[in-house]
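Colleague: I am new to this structure. Please take me through the surroundings of the ligand.

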Amino acid sequence: MQGVIIYKGKYGATQQYSEWLGEKLNLPVIHAANINGEALKKYDFLVIGTSVYIGKLQMESWLRNNLSFIKQKKIFFFQVAATPVEQKKKRQAYNSAGIPKELQPNCDYYYLPGKMTMKDLTWKDKFMLRMGAMLAKSTEEKKTMLTDYDSVATIHIKEILEAVRNHTKN
Ligand SMILES: Cc1cc2nc3c(=O)[nH]c(=O)nc-3n(C[C@H](O)[C@H](O)[C@H](O)COP(=O)(O)O)c2cc1C
């Protein structure tokens, strides 16, 4: 059974998780910009990783553009974002809005914590983040949004690792 890890992020969190998964599962790791269409045909299952910006999945347009090539395949879908994983409803809402409806029944979902370093952001992302913080309901939430954090750790890939291993055994 052949699989591949396809991801899109901006500042390294999604890429880091993808690389760890690639090492542990011995699967190729490919940025979404480097694979599409016919090249997907040979794979039986996909591990797809995406981060979230202003409520939008980074992988959204790739999923739409490649729908006809991936709609029959099993997908392990992991989402990396700042919203705490305990806030499942909010995390799920990002996926329901960004993953084409036809694809959703084929997906198993995983929610991973991300990281953010203010000084590394483009001026546009910094601006967007400040705008978002202005709209935040509480001072606490405002502060959290503008504070650097790094929760990326190997422990968080445990569940997805087990699921993929179970899928591929035999
Ligand atoms: C401008 C900006 C907007 C963001 N919007 C959201 C959002 O809407 N929801 C969320 O949960 N996280 C949001 N995040 C947090 C990122 O998803 C998080 O930092 C993630 O780890 C980024 O992963 P990447 O480096 O792979 O892109 C935002 C971050 C930035 C800088």
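Modeller: A residue counts as near the ligand if one of its heavy atoms lies within 4 Å of it. The model is predicted, so local features need pLDDT of at least 70, side-chain atom pairs count only at pLDDT 80 or more, and totals for chains, interfaces and linings use all residues. Residues are numbered from 1 along each chain as its sequence is written, and side-chain values use heavy atoms, without hydrogens and water.

Around the ligand there are 24 residues, of which K10, T14, V52, Y53 and T83 come nearest. By class, the shell holds 14 nonpolar, seven polar (Gly is counted here) and three charged residues.

Three polar contacts (pairs of N or O atoms within 3.5 Å) can be named. A polar backbone atom of K10 is 2.7 Å from a ligand oxygen. A polar side-chain atom of T83 lies 2.6 Å from an oxygen atom of the ligand, and a backbone N or O atom of I54 is 2.9 Å from a ligand nitrogen. The protein buries 93% of the 650 Å² that the ligand exposes when taken alone (Shrake-Rupley method, 1.4 Å probe).

Domain 1 (3-114 + 151-168) and domain 2 (116-150), with bounds from an automatic or database assignment, both give residues to this shell, so the ligand lies between them.

Methods. A polar contact is a pair of N or O atoms within 3.5 Å; within protein, one must be able to donate a hydrogen and the other to accept it, and residues adjacent in sequence count only if both atoms are side-chain atoms.
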